Structure formats: structure tokens, C-alpha cells
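Here is a quick tour for anyone opening this structure for the first time. Have a look around, then read on for a few spots to visit.

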Amino acid sequence: MAKKPDRLKFRLQRKGGRYKIYLLLLPADECAGVAEKIAERADNVFNSMEGRMRESAHEIIYNYIRQMIAARQLKIGDALLPERELAKMFGLSRNSVRESLRALSLIGVVECRQGSGNYISERFYNVEAETLFLTSKLCNVTNLDITNYRCVMEKGGVMLATQNRTERQMEALQRCVEKMWSAVDEDGYIIDGKALNEADEEFHRILAVSSGNKLLQTNIEALSLVMREYVHDVWNEVWKGAGFGSDEVARLRLQEIGIHQEIIDAMRDRDLDAGQKAMQAHFDMVYQFL
């Protein structure tokens with residue numbers, strides 16, 4: 001009777017069940033050294049499987065997308081593999097893959113389009129926006145902290161924008177300032193507060209785009225979620241903390257819009273020094289009330 005092959009057995013215990021790997025080998029006296037080589041290879045496979053089993057479906061899908069983005073094999077707007085292919089690739093159920101992608105869509109990484117598939121979100125900065133918003137609340141970030149952060153970013157932004165801006169961007173910035181003037185009367189009293197805030201937010205967004213720096217643009221876009229509440233709080237400080245009457249607040253509002261025009265004029269003349277001074281004046285007005 002032929003001798004039965006030796007058998008090596010690897011066993012992995014897990015709360016959710018028991019996993020076994022069996023590897024059949026030839027008799028050791030016929031193929032010396034083979035057992036050790038195969039055992040080493042099996043050990044590598046075992047370790048890989050052990051790591052995978054510790055990952056949740058969400059972690060597996062997120063790490064896959066992260067690695068593909070890092071390798072520049074996925075970019076904004078690109079379609080992901082169909083759910084059934086991802087499920088087969090990672091040994092997951094389609095429901096697990098679907099729920100993982102849905103979770104990633106909630107934080108802005110993935111966009112799920114009904115009947116079309118899943119894509120890398122074109123509004124990827126929502127991830128950073130949520131992080132900044134939650135950080136500002138959980139870490140008790142003050143209005144002074146936000147003002148300092150903005151001042152550093154926007155002074156750098158106006159310097160780059162003065163060098164890199166296009167005529168179309170200059171026209172867009174000018175339209176924002178014209179909307180600001182239209183939102184107040186000649187004495188600085190608000191006619192349309194919503195239009196005033198939207199024009200101001202758009203002004204700073206276009207300024208960031210004009211810088212030509214993608215990271216700066218992403219940060220400004222992400223900060224907008226925090227900024228809406230911040231702007232409201234800062235003007236409340238002006239109204240009640242400075243002890244000024246409504247006439248004085250209206251005068252400051254006119255001055256603030258005028259500073260936005262000074263920023264545009266400096267950019268049009270490509271005057272770096274004037275642009276920095278105008279942006280600093282913009283923040284100096286805020287600092288005196290914080």
C-alpha cells in the first residue's frame with residue numbers, strides 16, 4: 001500500500017467561527033525540503049488572511065479606494081468597479097459592499113448615482129468640511145482661532161492670486177463687489193442680508209481659485225461650512241460687543257465692502273504689497289471686535 005501524504009494543518013480561531021487551511025505534501029523522504037518551503041508559503045498566506053479577517057467590509061472598501069487614489073488610478077469623477085465585482089474581489093457579500101459605499105457617500109468620498117453606479121465624488125472637499133466643522137465644535141475652536149487661520153490662508157492666497165489671476169476671474173470678483181454694494185443702501189444699512197453674505201462668500205472662493213493653488217482652494221471650500229456660522233457670530237460681536245450704534249455698524253459695513261474693492265484694485269495692478277495691506281486691513285477690522 002502506498003504511503004499516505006503527510007498533512008500540515010493550520011487553524012485560525014475567530015469569534016465568528018473557525019477557519020481551517022489544509023495543505024497536502026508528498027512524503028518527506030521523497031522530496032526533502034519541500035515541506036519547509038510550502039509551510040513558509042502557507043504561513044505568508046495565513047498571515048494575509050488573518051489581517052483581512054480583522055478588517056470590516058467598510059475598512060476593506062475604504063482602504064482599496066484610498067490605495068487606488070494614492071496610486072493615481074482613481075481621480076475625481078471616476079467610476080468605481082461595479083458592486084458585484086468588488087464583492088467577488090474581496091470575498092464580501094454585495095450587501096456589505098453596498099452599505100460600505102453608502103457610508104462613504106455620507107462623508108463625501110463616494111457619490112452613488114441611481115442606475116449609473118458609484119463614483120469618486122466631485123465635491124471631495126466635503127470630507128474636509130465635515131472634519132473642520134466637527135473639529136471646531138469638539139475642540140472648542142474660538143472665533144479668534146478661525147480668524148487667525150483665515151488670515152494666514154487668505155494673505156497667502158491674495159499674494160498668489162495677484163500673480164496668477166486671469167481677466168475672467170477679475171471680472172467675477174468685481175461682480176461680487178457690485179452685488180455687495182447692491183445689498184446695502186448708500187448709508188450702509190442692509191437691504192438684502194442673504195445676498196450680501198453670498199456675495200462675500202463667493203468673493204473669497206474666487207480669490208482662492210485665482211491663486212492657482214489647489215490645496216488652498218480646497219481648504220477655503222471646506223472652511224465655508226464653518227464660515228457661515230463664524231460670519232454671523234462675528235457680526236454679532238460687532239453689534240453688541242463694540243458698543244456702537246447702528247449708524248456706526250453701517251459705516252463699518254461700507255468700509256468693509258470698500259476693502260474688498262481695494263483687494264481687486266491691487267490684484268488688477270499686480271501690486272503684491274497693496275494686496276497684502278488690503279487683506280490685512282480686512283482682518284484688522286475683525287480683530288478689533290474679538
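## A hairpin to start with

Keep in mind that this is a predicted model. A good place to begin is E111, whose bridge partner in strand β4 is Y119. That pairing belongs to a bigger picture: strand β3 (residues 110-113) and strand β4 (residues 117-120) run antiparallel, with four bridges joining them.

The two strands, β3 and β4, make a hairpin, and three residues sit between them. In the turn you'll find G115, which has a positive phi of about 80°. While you're here, check out R113 as well: R113 lies over the face of Y119, 3.9 Å from the ring centre. So Y119 turns up twice, as the bridge partner of E111 and as the ring beneath R113.

## One aromatic pair

How many aromatic pairs does a search of the whole structure find? Just one. Its members are Y64 and F90, arranged edge-to-face, with 5.4 Å from centre to centre and 65° between the planes.

This pair links distant parts of the chain, as Y64 belongs to helix α2 (residues 57-70) and F90 to helix α3 (residues 83-90), 26 residues apart. Buried or exposed, what are Y64 and F90? Both Y64 and F90 are buried.

## Helix α10 and what follows

Now jump along to helix α10, which covers residues 246-268 and has 23 residues. From first C-alpha to last, α10 reaches 34 Å, close to the 33 Å expected at 1.5 Å a residue.

Just after α10 comes R270, with a positive phi of about 55°.

Key: Residues numbered from 1 in each chain as written. Predicted model: local features only at pLDDT ≥ 70, side-chain atom pairs only at ≥ 80, totals over all residues. Heavy atoms only, no water. Pairing = 2+ DSSP bridges. Phe/Tyr/Trp six-rings, centres within 6.5 Å; stacked < 30°, edge-to-face > 60°. Buried < 20%, exposed > 50% of the residue type's maximum accessible area, 1.4 Å probe, protein only. Lys NZ or Arg CZ within 6 Å of the ring centre and 35° of its normal. Expected span 1.5 Å × (residues − 1).
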